[in-house]
Amino acid sequence: MMLYPPVNELVDKVGSRYQLVNLVARRARAISAKEEATGEYSDEKAVSTAINEVYTGKLQIIRSEEE
C-alpha cells in the first residue's frame, strides 16, 4: 500500500519527523475544535486535512531568529 503524500516528502518540507507529527497534531486539533464549535463537520478527517495542508505548503513551521 502506497501512502500519499509520501512521508519523506512531508518530512523534507518540515525538517524532521518529530516536527511533522507535532505540526499535524496541533493543526488537526484546531480543525476538530473549529468543527465542533461551528457544528459544521467535514467528510475528510482532520488529520488528513492537516497533512494535505503541509503537503501543499499552506501549513508551515515559522522559525524564530533565535533558533
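Leaving aside neighbours within four places in sequence, which residues is Thr49 in contact with? They are Ile31 and Glu44. The legends below describe close-up views of a predicted model.

**Figure 1. Overview of the chain, with 3 helices and 0 strands.** From the N terminus on, the elements run α-α-α. The C-alpha trace spans about 40 × 40 × 15 Å along its principal axes. Of the 67 residues in the chain, 24% are buried. Among contacts with a separation of 6 or more, 54% come from residues 24 or more positions apart. About 5,500 Å² of the chain is exposed, and carbon and sulfur atoms supply 51% of that area. The side chains include 9 positive and 11 negative ones, and the centres of these two sets lie 3 Å apart.

**Figure 2. The largest nonpolar core, made up of 9 residues.** Its members are Leu10, Val11, Val14, Leu20, Leu23, Val24, Ala50, Val54 and Leu59. At least two residues of this core come from each of helix H1 (7–14), helix H2 (17–38) and helix H3 (46–56). Val54, one of the core residues, touches Leu10, Lys13, Val14, Leu20, Leu23, Val24 and Leu59 when residues up to four places away in sequence are not counted.

**Figure 3. Surroundings of Leu59, in the segment after H3.** Leu59 belongs to the largest nonpolar core. Its relative accessible area is 16%, under the 20% cut-off, and Leu59 is therefore classed as buried. Not counting residues up to four places away in sequence, Leu59 touches Leu23, Arg27, Ala50, Glu53 and Val54. Of these, Leu23, Ala50 and Val54 are also core members. Val14 is another residue of the core; the C-alpha atoms of Leu59 and Val14 are separated by 9.5 Å, with the two residues 45 apart along the chain.

**Figure 4. Glu53 of helix H3 and its polar contact with Arg27.** The side chains of Glu53 and Arg27 are joined by a polar contact of 2.7 Å. Glu53 has a relative accessible area of 9% and is buried. Outside its neighbours within four places in sequence, Glu53 is in contact with Arg27, Ile31, Lys58 and Leu59. Arg27 is also among the residues touched by Leu59.

**Figure 5. Thr49 of helix H3 and its polar contact with Glu44.** A 3.1 Å polar contact links the side chain of Thr49 to that of Glu44. The relative accessible area of Thr49 is 19%; because the limit for a buried residue is under 20%, Thr49 counts as buried. Ile31 and Glu44 are in contact with Thr49, leaving aside neighbours within four places in sequence.

**Figure 6. Ile31 of helix H2 and its contacts with Ala46, Thr49, Ala50 and Glu53.** These four contacts leave aside neighbours of Ile31 within four places in sequence. Glu53 and Thr49 are both found in helix H3, and Ala50 is part of the largest nonpolar core. The C-alpha atoms of Ile31 and Ala46 are separated by 6.0 Å, the residues being 15 apart along the chain. Ile31 is buried, at 10% relative accessibility.

How values were computed:
Residues are numbered from 1 along each chain as its sequence is written. This is a predicted model: local features need pLDDT of at least 70, side-chain atom pairs count only at pLDDT 80 or more; totals for chains, interfaces and linings use all residues. Side-chain values use heavy atoms; hydrogens and water are left out. A nonpolar core is a set of buried Ala, Val, Leu, Ile, Met, Phe, Trp, Tyr and Cys residues joined through side-chain atoms within 4.5 Å. Buried means under 20% relative accessible area, exposed over 50%, partly exposed in between (1.4 Å probe, protein chains only). Helices (H or I, at least four residues) and strands (E, at least two) are DSSP runs, numbered from the N terminus. Contact means heavy atoms within 4.5 Å. Accessible areas come from the Shrake-Rupley method with a 1.4 Å probe; for residues, only the protein chains shown count as cover. Lys and Arg count as positive and Asp and Glu as negative; His and the chain ends are not counted. The place of a charge is taken as NZ of Lys, CZ of Arg, CG of Asp or CD of Glu. A polar contact is a pair of N or O atoms within 3.5 Å; within protein, one must be able to donate a hydrogen and the other to accept it, and residues adjacent in sequence count only if both atoms are side-chain atoms.
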